[in-house]
Structure formats: C-alpha cells, structure tokens
Amino acid sequence: MDFGLQLAALPAKELLETARNAESWGYAAIYVPDHWAYERQGGGGLDDAATAWEATTILGAIAAVTSRVRLGALVLCNLFRHPATTAQAITTLDHLSGGRALLGLGSGWTKAEFDMMGMAFPEVKPRLRMLDESVRIVKSLWTRDRTSFEGEFYRLTDAFLAPKPLQSPHPPIMLGGNGKGILRIAAREADHLNVISDAGRAGTILMSEVAKLTEDVFRAKLDFVRREAKAVGRDPDAIVFSSTIFMPMIADTEAEAQGFAASIGGMFGLDAAQVMRMPLALIGTPAQCVAELKRRERTWGTRHYIMSGFGGPVLAERFAREVTPNV
C-alpha cells in the first residue's frame, strides 16, 4: 500500500515547496489536476480565485525539486491536447524526472470551463471514443518506430516521436472515471484505475452522484473491471486500483469522527457508518484511519490512495505523520 498527494489551488512557490516536503513525508506520488478553472467546492460555478496551473508545465517544475516520487496528472483532459502532444509531454517529463512520469488521462468533465473558453464539449460517448483512440495512439508512439492510425477522431501517417520514454515498455497509464465506458477502456489498456464519482455525463460534480459511490457500488465497479480484463486476456491483478480521498478528516476522538461523518451523511442521505466506508472519504482518529485503510486493502483490493490537496499541506503532513507509517 502506498499514498499519493494531489496538489491544487496553491500559489506556485507553495505548491513546489509542498511537493518537496511531501516527498520527505513519505508520499509515493504527486499529482496535479488539469483544468483552466476549478469548480467551487460545494457548487456554484467556477472559482475565479483559485490558481489553476497548466498541468504538464507544473509537473516539470515538480520534477526539478523532487527525486523519488512518481509524477502525473489526476488527470490530463484528453480534449485539451492531441494524443501526440500528450505522448511528447509525458516523455519529456519522464526524461526530466529520471523515469518517474505516469500518464493520468481522462475524457474531460467540467463543462463550464469549456463553455467559458468557447470550446466544443462533446457528449460523453464520443468523448470516451476519443479517449480510447488517444490511449492507443500514445502507447503506439511510445513503443513503435512508426505509427499509422485511421480512427474516428485522429489520423496519423507514419508518425514517430523521438526520444522514447525512459521507462520500458512505457510510463504507467492511469485512467480516471466511473462509468462502464471508461471502465471497459481501463480493463483493456490501463495500468492503473482511479475510480471517482460520475461527473462525465452531467459535466459537473453533483452531490447526488457522490452519494451514489458507496462501498458496495465501488466494489462492484472494481469487480466489473476485473471481469472485463479477464475477458480480453489480461491479468486483473496487473491493474492498480485506487481511490481519491476528497473528504479526509483526522479526528482527535472517535466521537468527533462520528459527528463529522454524521454531518456529511446528512448531505448525502447516508448514515455515519456508510460515510466512514465511502471510498471518497477517510474519517476517524489515526487508529481508525489505519484500521479502515487495512480493511479496504483486504476487502477491495485497492493498493493506492490519493489524498486530495484541497485539504492543504497541514492535513497532508498530519496524515503522513500519524496514519501512513502504520499501514
């Protein structure tokens, strides 16, 4: 079991300092989002006060101030870049970091930022078909001398990229999402799957969708991917499954943790016990958090957990000091 930290909405110097510190705290991976603008937490449109850095550029800067952590986006928006640009950017990061890059890629979901920029935002099914083509193109550009591809959205003729990534056969590919479409792509193509609540169809985060991602639903999604992987001849155990902890809370007492979980549950129509087992939450005293993470690894088969950076560096450090050394 290991842990990643997503860093978001921080001034550039503070973000780099936190990344450097996170490595010393024991985090195994650093992630950044990929957005022109973030949605306000709790809804209400885009947040014009939150700093949103271009993902591949800030990852290069993080590579320069770290030496061990894996580096990637959670996740790059496929609609922002041609797959060749994506392949080249991650190859560059792999060389800059000495072979620590990973490609996190998703179909895109924040409709408001596309509307703001006047950019087309296709329906979810064509977005997923675009993502499927992109992953196959990136893999081919990374592993073959020449790539020709005739798809619905992309066409490459005798294409090449030089150099190839340092990692062989290529940097790990992590897909992020929720629906069956992306889960099927992950079963065929991904090295790592990060399951979150569904935002792709609505183009926004809805509390009703967050509430749906209970423990039982999460486990069913992982089982679906395992079945699909077997069906295409892949070993399901070769796929790393993870969840992002968007609602972390380290409590001083069990009563405090129970009260916080109950208040969150009131928003979702769930009881406190259900909230404390939600894959998007980790709530409890340090001892409770350790026990819950061990339970999740044992019953879900998840081996990687990503702390949301919106909690700030203080919480990230406390989590690393009081929880992760004991799991």
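Along strand 8, which side chains point to one face and are buried, and which point to the other and are not? The views below begin with this strand. This is a predicted model, in which local features need pLDDT of at least 70, side-chain atom pairs count only at pLDDT 80 or more, and totals for chains, interfaces and linings use all residues. Residues are numbered from 1 along each chain as its sequence is written, and side-chain values use heavy atoms, with hydrogens and water left out.

**View 1. The side chains of strand 8 (residues 147-150) alternate.** Thr147 and Phe149 point to one face and are buried (under 20% relative accessible area, with exposed meaning over 50% and partly exposed in between, for a 1.4 Å probe and protein chains only), whereas Ser148 and Glu150 point to the other face and are not buried. In a regular strand the side chains alternate between the two faces of the sheet. Strands (E, at least two residues) and helices (H or I, at least four) are DSSP runs, numbered from the N terminus.

**View 2. A hairpin of four residues joins strand 8 to strand 9.** The two strands run antiparallel and are joined by three bridges, where pairing requires that DSSP finds at least two bridges between them. Glu150 has Arg155 of strand 9 as its bridge partner.

**View 3. Helix 3 covers residues 83-96.** Its 14 residues should span 20 Å at 1.5 Å a residue, which agrees with the 20 Å between its end C-alpha atoms; the expected span is 1.5 Å times one less than the number of residues. Among the buried residues of helix 3 are Pro83, Ile90 and Leu93. Gly98, whose phi is positive, near 75 degrees, follows helix 3.
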